[in-house]
Amino acid sequence: MSEGYDYIVVGGGSAGCVLANRLSETPTARVLLVEAGSRDWDPLIRVPLMASFFLRHKLHNWAYETEPEPFMDNRRIPWPRGRVLGGSSAINGMVYIRGNRGDYDHWAQLGLRDWSYEKVLPWFKRSENFLEGPNDFHGSGGELPVVRSSAPVPLYDYFIEAGRQAGFPVNRDFNGPDQEGFGRFHFTQRDGQRWSTARSFLDPARGRPNLTILTNAHLLRVVIEKGRATGVEVSVKGQKRFIQADCEVVLSCGAVTSPTALMISGVGAPDELRAHGIGVAADVPSVGKNLQDHVNTRIVQACEEPDALYDLRRVDRAVLSVARAILTRTGPGTSFPLEGGCFMRSRPDVEFPDLQVHFFPGVPATTGMRVPFVPQPEGVHDGYGYAASMCQLRPESRGTISLRSADPFAAPVIRANYLSVEADRQCFRNGIKIMRDVFRQKAFDRMKAREFAPGPDVTSDSALDAYVAKSAGTVFHPVGTCRMGVDEQSVLDEQLRVRGVEGLRVADASVMPTLISGNTNAPAIMIAEKCADYMKRAA
């Protein structure tokens, strides 16, 4: 089958839904959005508490995993990625963080002058509907609702007060003039529900006659003829379809799939492509390299006083909470329990915060749900508690994503290479010590707590390293595998065009040259906004 459009956007996730909206604003532009997953029909997607379920199960989730990680006890680390309209914005924790001003100014110092903080801030504000109203740092009237945490959970307040007592500033707005300090996060929620990019950007555009949305369509390859992307081949219900792009193709498949889509299409390192029997359309050896991600570990406190989430660890009560959230948009199911947190420096000479903490007012759910009358497994804390989930913001370790085979349905080979650089391990040692000091402050005295993990006896550098190696995971922020740059080794130029191929761009978190200091969903949306502008100006 053959059909044609002006623009084809591959990937209906955080960036793709934005692109579909913005490109179809031009009535004469014929736009196709291709998504491998299903439509976002599932009412559970809108329940904020369900994020913890989606991130651990295969429903709406590609459920990738890394190869054994040599510096993390050779464990395979789960990598959830959204497989539904809205992509990872439909299954993530909904935290709205842009990163630090210094992240984008660093990009500008690398030569990407159109990506300085002053240049990207207007694009963040354009998308945003900050429900407290506009100001110098926030927009109002955009498609994406952004709200401040307001959950009546005293433990969040204890955490913020403990940070103040430990000498850190209290910060009311992590997206404001300064990122450092303790406070509450912003979320992409409204009226007790999740607002993914599908709901925010795609729903208002669905009725446009020039926008077509094709779901359950798996990309086989971008068709490249004589150095130009002319369309895509997709598989729909086992049938191969060629769809022509008269103007441009944009890959918005994320940091895992955008590089593999390029490689399957013949764009990458020639030796690696030929090893899989793939013809070379463009010699771009950096595709799939420069992988960066946020590693996290937890400091868990067991306590004698009730926490906010103990009851929700019981399966029956969790189910009732989710049902209440769906039916009435009220109750604990309407928030995701990581609403308090902080940004801090691991040592005084760091230019800006290099550690982020999400505070959890209970024992993390990964220790297992409680089934009534069934005892917990040995080694699992079954009482009250709270935890700090801490990640290093700007890791020096670099990994790769590569093809497993020429089969476009095969899962890629992910080698994150976590903690391979000593500086990354040192950052965690310092962070654990700082967070222990925070938990010793008077604000937490009423909880009558003791350290459960790593444990009070884990104090030496080697013991802390061993704990992180066996316990650490990821907060699911992979970037960098299709990096933009001004050098010839970069995959993309400053306007996100693939080097060596006309009519082909990438717009998602994979384009970041370096990882930003925070959650990556808001920056992915900003990247899509800028890409759409580049494309409209080129038309």
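## Model and terms

Helices (H or I, at least four residues) and strands (E, at least two) are DSSP runs, numbered from the N terminus. E143 sits outside such runs, in the loop between β6 and β7.

This is a predicted model, in which local features need pLDDT of at least 70, side-chain atom pairs count only at pLDDT 80 or more, and totals for chains, interfaces and linings use all residues. Residues are numbered from 1 along each chain as its sequence is written, and side-chain values use heavy atoms, with hydrogens and water left out.

## Two loop residues

Buried means under 20% relative accessible area, exposed over 50%, and partly exposed in between (1.4 Å probe, protein chains only). E143 counts as partly exposed because its relative accessibility is 25%. Contact means heavy atoms within 4.5 Å. Not counting residues up to four places away in sequence, E143 touches N21, R22, R126, S127, S200 and F201. The C-alpha atoms of E143 and N100 are separated by 23 Å, with the two residues 43 apart along the chain.

G277 lies in another loop, the one between α8 (270-275) and β17 (282-283). Its relative accessibility is 66%, so G277 counts as exposed. G277 and A406 are 129 residues apart along the chain, and their C-alpha atoms are separated by 7.0 Å.

## Strand pairing

Strands of a sheet pair through backbone hydrogen bonds, either parallel or antiparallel. Here, two strands pair if DSSP finds at least two bridges between them. One open sheet has 4 strands in the order β5-β9-β7-β6, with mixed pairing. Its edge strands, β5 (95-96) and β6 (128-130), each pair on one side only. Within this sheet, β7 and β9 (residues 186-187) are antiparallel, with 2 bridges. R148 stands opposite H186 in β9.

Strand β2 (residues 31-34) runs parallel to β12 (residues 211-214), and 4 bridges join them. V31 has L211 of β12 as its bridge partner. From β2, V31 and L33 point one way, L32 and V34 point the other way, and all are buried.

Strand β21 (residues 384-392) is mostly covered, with 8 of its 9 residues buried. β21 pairs with β18 in the antiparallel sense over 8 bridges. C303 has Y384 of β21 as its bridge partner. β20 (residues 355-360) also pairs with β21 in the antiparallel sense, over 6 bridges. There, L355 stands opposite Q392.

## Packing of helix α11

Helix α11 (residues 461-471) has buried residues at L464, Y467, V468 and A469. The elements they pack against are β18 (295-303), α10 (422-439) and β24 (450-453).

## Cysteines

A disulfide is a pair of cysteine sulfur atoms within 2.5 Å. The whole structure has 0 disulfides. Why is C342 not bonded to C391? The sulfur of C391 is the closest cysteine sulfur to that of C342, but at 10 Å it is too far for a bond. C427 is in no disulfide either; its nearest cysteine sulfur, that of C391, is 9.2 Å away.

C342 counts as buried because its relative accessibility is 0%. C427 counts as buried too, because its relative accessibility is 4%.

## Pockets and cavities

Rolling a probe the size of a water molecule over the atoms shows where empty space is left. On a 1 Å grid over the protein atoms alone, a cavity is a set of points where a 1.4 Å probe fits but cannot get out; a pocket is an open set with protein on both sides within 12 Å along at least five of seven lines; lining residues have an atom within 4 Å of a point. Grid points are joined across faces, edges and corners, and a volume is the space filled by probe spheres set on the points. Ala, Val, Leu, Ile, Met, Phe, Trp, Tyr, Cys and Pro count as nonpolar, Asp, Glu, Lys and Arg as charged, and the others, Gly among them, as polar.

The second largest pocket has a volume of about 430 Å³. It is lined by 25 residues, with A151, G331, T334, S335 and E339 closest to its centre. β7 (144-148) and β10 (189-190) are the elements that give two or more residues to this lining. The lining residues are 14 nonpolar, 7 polar and 4 charged.

There are 3 cavities of 30 Å³ or more. The largest cavity has a volume of about 70 Å³. Of its 13 lining residues, D293, V295, P395, S397 and Y418 lie nearest its centre. The lining of the largest cavity divides into 7 nonpolar, 4 polar and 2 charged residues.
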